[in-house]
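Reader: Please take one helix of this model and go through it closely. I would like to know how it sits in the rest of the chain.

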Amino acid sequence: TVTRSYAAVDLGASSGRVMVGRVGPDTLELTEAHRFPNRPVRVPEGLRWDVLGLYAGVLDGLRAAGALGAGRLDSVGIDGWAVDYGLLDADGALLGNPVHYRDARTEGVAEKVWATVPAPELYAATGLQYAPFNTLYQLAAARDSAQLAQARRLLLIPDLMSYWLTGVQGTELTNASTTQLIDPRTRTWSADLAQRLGVDLELFAPLRQPGDPAGLLRPEVLEETGLVGPVPVTAVGSHDTASAVAAVPAAGERFAYICTGTWSLAGLELTAPVLTEDSRAANFTNELGLDGTVRYLRNIMGLWLLQECVRAWGGPGLDGLLREAAAAPALRSVVDAGDAAFLAPGHMPERIAEACRASGQPVPRNPGETTRCILDSLALAHRRAVEDAQRLADHPVDVVHVVGGGARNALLCQLTADACGLPVVAGPAEAAALGNVLVQARAHGPAGDRGALRDLLVRTQPLTRYTPGGDPGRWREAQARLTAPR
Ligand code: LFR
């Protein structure tokens with residue numbers, strides 16, 4: 001039997017990594033080849049991504065990935081965070097540093113867009129939740145900029161990396177669905193919407209599906225990385241959340257998932273979008289997934305709240321904080337982890353304290369208590385999202401899968417099980433990289449449906465089960481503190 005090697009480039013908001021996945025009929029092994037920081041940079045014009053640094057990290061990673069297997073790779077796939085993009089001029093050169101989705105430029109922009117296309121109509125046409133950073137609002141914010149006037153092409157970040165590696169341009173569908181310019185029923189551009197909002201769809205390179213070929217590594221890239229050509233690049237679910245959902249080790253359909261990391265993305269995998277007014281009011285999104293699926297989910301601030309506190313506290317170790325949090329009083333104070341007030345970087349402990357004060361709850365007294373407040377609040381937000389999704393989509397579940405970095409956080413997983421009143425299956429932590437690898441493996445090996453991919457995960461990945469416990473009434477009471485009129 002053959003075992004093949006695939007490199008998964010997975011770009012997160014705080015770090016990038018290149019993993020090598022070895023896949024055979026009964027094997028799925030992931031090895032980290034290289035990890036590098038992704039640090040947003042604040043310049044006078046705002047918050048920007050260091051996209052050249054990121055690309056350099058990708059090249060270093062591919063070199064390290066090759067070194068693990070004598071320079072040979074069967075394919076490379078790239079996934080990353082959504083919505084952000086680079087603009088290219090008529091020569092194909094990058095125009096400026098891509099803007100960070102946490103930049104303030106989109107403040108107040110949505111209202112202007114809604115004056116042309118009212119929010120309910122926008123939701124009915126795209127199924128996308130309201131988030132200030134959706135590409136559509138970013139483009140509206142940039143409307144009169146010199147840069148956009150000069151731009152001939154827009155590439156989402158993973159597509160930009162892919163272009164630099166291969167010279168070939170494309171727009172991968174799962175990530176394209178986060179632009180708010182795709183109709184989730186037809187799974188293609190909404191020309192009508194684009195026209196009404198003055199977005200030139202010619203800016204976008206042709207759509208490609210997960211599994212499609214996306215070019216070959218350029219000779220210069222082979223030389224720089226020491227890889228032996230030809231090495232194909234394969235489109236994967238290039239939205240990291242799409243790759244992570246592809247790696248949820250579920251059996252059957254009655255499951256919810258929570259992809260945890262900088263964000264918590266909590267919801268369901270569906271076969272058709274939910275475009276009702278109730279769904280809009282609950283701010284659920286219909287992003288596109290593999291094989292005609294819809295990722296019906298809600299964005300929750302996630303471990304960003306903790307990452308930002310840790311940064312403010314000067315970087316204490318996570319283990320110590322989690323021990324103190326486990327010993328701290330439970331559900332003493334909770335905040336609304338979906339609140340956009342937590343979106344921007346900076347002063348996170350103060351902002352959490354302020355939210356506790358404003359809702360008449362005790363202010364956490366130390367980092368341990370603040371950490372407990374964050375984890376309780378995340379579990380509470382997970383509970384709400386899992387409950388709301390089941391009701392709005394009329395799709396009941398028996399289990400919650402926690403994948404991504406938070407799957408390693410035992411306290412968060414147990415609290416999530418307790419809050420949801422459902423068993424939690426935690427793992428894999430590297431779900432995005434695994435989903436990336438599996439889609440490549442499917443494109444280059446024997447075909448398998450999503451069920452077969454998930455079955456391989458269940459057979460090969462270590463998973464941890466958490467049984468719900470405690471008094472469910474306490475979570476209802478905590479939720480009421482956030483929703484009570486004051
Ligand atoms: C997670 C993620 C989310 C998206 C946010 C911004 O990494 O991709 O799915 O809403 O980042 O792009």
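Author: What follows looks at helix α16, then at its surroundings and the chain as a whole.

The model is a predicted one. Helix α16 covers residues 410-420, and nine of its eleven residues are buried, so the helix is largely enclosed by the rest of the structure. Buried here means that 20 or more other C-beta atoms lie within 10 Å of the residue's own. The residues that meet this criterion are Leu412, Cys413, Gln414, Leu415, Thr416, Ala417, Asp418, Ala419 and Cys420. The list includes Gln414, Thr416 and Asp418, of which Asp418 counts as charged and the other two as polar.

As for what encloses the helix, the buried residues of α16 pack against two helices, α15 and α19 (472-483), and against the strands β15 (255-260), β19 (399-404), β20 (424-426) and β21 (464-466). Directly after the helix comes Gly421, with a positive phi of about 65 degrees.

One of these neighbours, α15, leads to the interior of the model. Helix α15 spans residues 367-393 and supplies twelve residues to the largest nonpolar core, the largest share from any element. That core has 148 residues, and Ala7 and Leu305 have the most contacts inside it. Leaving aside residues up to four places away in sequence, Ala7 touches Val18, Val20, Leu62, Ala65, Leu73 and Val76. In soluble globular proteins, nonpolar side chains tend to be buried together.

A record gives a wider frame for this part of the chain. The unreviewed UniProt entry annotates residues 256-443 as "domain: Carbohydrate kinase FGGY C-terminal". Over residues 256-443 the chain is 46% helix and 17% strand, and the C-alpha atoms at the two ends are 26 Å apart.

The ligand has its own shell. It is surrounded by 13 residues, the closest being Trp81, Ala82, Val83, Thr241 and Trp263. By class, the shell holds seven nonpolar residues, five polar ones and one charged.

At the level of the whole chain, there are 19 helices and 21 strands. Of the 486 residues, 52% count as buried. Among contacts between residues at least 6 apart in sequence, 76% join residues at least 24 apart. The radius of gyration is 22 Å, which agrees with the value near 23 Å that a compact globule of 486 residues would have. Along its principal axes the C-alpha trace spans about 60 × 55 × 45 Å.

Note on methods: Residues are numbered from 1 along each chain as its sequence is written. This is a predicted model: local features need pLDDT of at least 70, side-chain atom pairs count only at pLDDT 80 or more; totals for chains, interfaces and linings use all residues. A residue is near a molecule or strand if its C-beta atom, placed from the backbone, lies within 6 Å of it. A nonpolar core is a set of buried Ala, Val, Leu, Ile, Met, Phe, Trp, Tyr and Cys residues joined through C-beta atoms within 7 Å. A residue is buried if 20 or more other C-beta atoms lie within 10 Å of its own, exposed if 12 or fewer, and partly exposed in between; C-beta atoms are placed from the backbone. Helices (H or I, at least four residues) and strands (E, at least two) are DSSP runs, numbered from the N terminus. Two residues are in contact if their C-beta atoms, placed from the backbone, lie within 7 Å. UniProt positions are given in the numbering used here, feature names are shortened, and annotations may be inferred rather than shown by experiment. The radius of gyration is taken over C-alpha atoms; the globule rule is 2.2 Å times the number of residues to the power 0.38.
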